[in-house]
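Colleague: I should like to learn how to read a model of this kind, feature by feature. Please give the general idea each time, and then the case at hand.

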Amino acid sequence: MIIVITGTHKGIGKRMAEYYLKNGHTVIGCSRHESTIELEGYTHFVVDICEDEQVVKFASAVRKQFGKIDALINNAGIASMNHFLMTPIETSMKLMDVNYFGGLRCIRAFINLLKKSEHPRIINFSTVAVPFNLDGEMSYASSKSAVESMTKILAKELATFSVTVNAVGPTPIQTDLIAKVPQEKLQRLLDNQAIHRFGQFEDVINVIDFYLNERSDFITGQIVYLGGVNH
C-alpha cells in the first residue's frame, strides 16, 4: 500500500510510519519539520496543513511521484487543555484549524489520488474527550467532534467512489500531547474507562490495521474509542 500519514515528526504519527514501513508498505509523511525517520520506502514533505497552498503542492508532488495513494491517515493534531475562560479565542481557532480544517484540506487535496486505489481508505483521529465531555477540554473536544461529523458525513458522500472513512479515538497515550496535563486529571480519565490504563501505540495501530484491511470495504462511518469507552 501507499499510505500518506500527516504529523510524522514524532509521537503516534512517527510510530505508525515506522510500523508500516517495516511491514513493507510505502509511506509518505509530512510535518512542519524535517524528517526524523530514516527507513527505506519513506518520503517526507515539510508541510503546514493549515496552509491551503502548501497542502495542494504536497498532493501535487505526491501525484507526480507516485500516481496514486491507497490510504490517507489524518494524524496531525494539537491539544490545549484548560478552562474555557482561560483559553484564548485564538487558541480555540488554532485547534479547529489544525484538527478539523487541516484534515479536511488533506482529504480535498488527495481525494482524486485515493479514487485510483482498489481499496481507498481515509482514517481520522478523534479522542475519548468527545464522549467523556471532559471539563477543561472544550475547545479540543469541539474540534474533534467536528472531525467525527466529517467522518460520518464523508462516509456517505464518498461511498460512491468506494472510499471508506473511519476514525479512531485513543485514550491518553504517554506522548508530548499530554505531557503538561496534571496527573490527577489523567487518573480521573483512566478511572472512567472500562480498562484502567494508558493507551499504547500498538492499540491504535491495531484499529488502523483493521480499517486498512482489504476485507474492511464494508466498514465506514465508524468511530472506535479505545479503553472501553461508551458513547
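Modeller: Let us begin with burial: a residue is buried under 20% relative accessible area, exposed over 50%, and partly exposed in between, with a 1.4 Å probe and protein chains only. Cys50 has 10% relative accessibility and therefore counts as buried. This is a predicted model, in which local features need pLDDT of at least 70 and side-chain atom pairs count only at pLDDT 80 or more, while totals for chains, interfaces and linings use all residues. Residues are numbered from 1 along each chain as its sequence is written, and side-chain values use heavy atoms, with hydrogens and water left out.

Colleague: What share of the 231 residues in the chain is buried?

Modeller: Buried residues account for 51% of them. A related quantity is the accessible surface, obtained by the Shrake-Rupley method with a 1.4 Å probe; for residues, only the protein chains shown count as cover. For the chain this surface is about 11,700 Å², and carbon and sulfur atoms contribute 51% of it.

Colleague: How many helices and strands does the chain have, and how are they ordered?

Modeller: Helices (H or I, at least four residues) and strands (E, at least two) are DSSP runs, numbered from the N terminus. Here there are 7 helices and 7 strands. Read from the N terminus, their order is β-α-β-β-α-β-α-β-α-α-β-α-α-β.

Colleague: Why does the radius of gyration agree with that of a compact globule?

Modeller: The radius is taken over C-alpha atoms, and the globule rule is 2.2 Å times the number of residues to the power 0.38. For 231 residues the rule gives a value near 17 Å, and the chain has 17 Å, so the two agree. The C-alpha trace spans about 50 × 35 × 35 Å along its principal axes.

Colleague: How should contacts be read, and what percentage of them join residues 24 or more positions apart?

Modeller: A contact means heavy atoms within 4.5 Å. Among contacts with a separation of 6 or more, 67% are between residues 24 or more positions apart. Val27, in strand E2 (residues 26–31), offers an example. Val27 has 0% relative accessibility and so counts as buried. Setting aside residues up to four places away in sequence, Val27 touches partners including Ile3, Ile5, Tyr20, Leu21 and Tyr42.

Colleague: Which residues does Val55 touch?

Modeller: Val55 belongs to helix H2 (residues 52–66) and is buried, with a relative accessible area of 1%. Not counting residues up to four places away in sequence, Val55 touches Val47, Asp48, Ile49, Arg105, Cys106 and Ala109.

Colleague: Cys106 is a cysteine; how many disulfides are found in the whole structure?

Modeller: A disulfide is a covalent bond between the sulfur atoms of two cysteines. The criterion is a pair of cysteine sulfur atoms within 2.5 Å. The search finds 0 disulfides. For Cys50, the nearest cysteine sulfur is that of Cys106, 9.7 Å away. For Cys106, the nearest is that of Cys30, at 5.9 Å. Cys106 is buried, its relative accessible area being 0%.

Colleague: Which residues have a positive phi although they are not glycines?

Modeller: Asn133 is one, with a phi of about 50°. Asn133 sits in the loop between helix H4 (129–132) and helix H5 (138–157), and at 63% relative accessibility it counts as exposed. Ser162 is another, with a phi of about 65°. Ser162 lies in the loop between H5 and strand E6 (164–169); at 47% relative accessibility, Ser162 counts as partly exposed.

Colleague: Where is Gly199 found, and is it buried or exposed?

Modeller: Gly199 is in the loop between helix H6 (183–192) and helix H7 (201–212). Its relative accessible area is 8%, so Gly199 is buried. Gly199 contacts Thr171, Pro172 and Ile173, leaving aside neighbours within four places in sequence. Sequence and space may also be set side by side: Gly199 and Gly227 are 28 residues apart in sequence, and their C-alpha atoms are 7.4 Å apart.

Colleague: Finally, how many positive and negative side chains does the chain have?

Modeller: Lys and Arg count as positive and Asp and Glu as negative, with His and the chain ends not counted. Each charge is placed at NZ of Lys, CZ of Arg, CG of Asp or CD of Glu. The chain has 23 positive and 24 negative side chains, and the centres of the two sets are 3 Å apart.
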